[in-house]
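Visitor: Please take a close look at one part of this model, a single pair of packed helices. How do the two sit against each other, and what lies between them?

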Amino acid sequence: MQTVVNRFIEMLKWPAALFMLLTLPALVQSLSWFNFAQPKYLVMVGGFLMYFIARTMADSSVKASMQIIAHELTHAFFALLTLHKVTHIRAAEDDSGGSMGFKGQGNWLIIISPYFFPLFAFFFMLAVPLFGRYADSLIMNGIMGYFVAYHVDTVASQINEKQTDLPKVSYKFCLMFLPGANLWMIGFMMAFNSKLWFGVAQYHKLVFWLTERNWQYVKTMLY
């Protein structure tokens, strides 16, 4: 079964990259649909800024360790999702990097996942409905802003020429896939900040609608 899953995911590699490239204009356009003057977003921005304030005060080794742990846990999460048994997760003692091992051939999704997927924010979003009346509170908005900042900072710090993961999937694929994938995840989190999972559903409809509208515009210009 693992082999079937890997082959299916490998088949989706370049279609996924093309899809992210084609939806990139719509993802950029979708940002203008968020009402950032609402209290929910103002508090979210506050949480976003609080992350960077806390970051400047934190010990550099602590920051590096957290990013390495998040990186390897994201690899492990997608390995488990694609039916691979994780054998180990390790961080180097000097905070120079880490490693995650699993049984099986693997796939591009496991390799690239830490560079676009906000693991901690995702699990926070899953847990939010359990907060009861606090699920749609300003406290949640502030925490969500903190996680958005953490995702942006972590991805930005990881994408560099020293990363060994990126060449494995090819730089061409990364250039096509990662900008759209990251914008999609950021929009995903901001939509959740607005109306929880209902907002996420609305956001996806918006992106597909904008993509269709852009395509119709292109066809009009060509013909």
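**The helix 3 and helix 7 contact**

Guide: Helix 3 and helix 7 cross in a right-handed sense (the near helix is turned clockwise from the far one by less than a right angle). The model is predicted: local features need pLDDT of at least 70, side-chain atom pairs count only at pLDDT 80 or more, and totals for chains, interfaces and linings use all residues. Residues are numbered from 1 along each chain as its sequence is written, and side-chain values use heavy atoms, without hydrogens and water.

Helix 3 covers residues 39-57 and helix 7 residues 138-158; they pack at an angle of about 50°, their axes 6 Å apart. Axes are lines fitted to C-alpha atoms, for helices over the stretch in contact, with angles from 0 to 180 degrees between N-to-C directions. Helix 3 is therefore oblique to helix 7 (not under 35 degrees, over 145, or 65 to 115).

On the helix 3 side, the contact (heavy atoms within 4.5 Å) includes Pro39, Val43, Gly47, Phe48 and Arg55. Helix 7 contributes, among others, Leu138, Gly142, Gly145, Tyr146 and Asp153. The contact residues divide into 13 nonpolar, four polar and three charged (Ala, Val, Leu, Ile, Met, Phe, Trp, Tyr, Cys and Pro count as nonpolar, Asp, Glu, Lys and Arg as charged, the others, Gly among them, as polar).

The protein chain around this pair has nine helices and two strands (DSSP runs, H or I of at least four residues and E of at least two, numbered from the N terminus). From the N terminus, the order is α-α-α-α-β-β-α-α-α-α-α.
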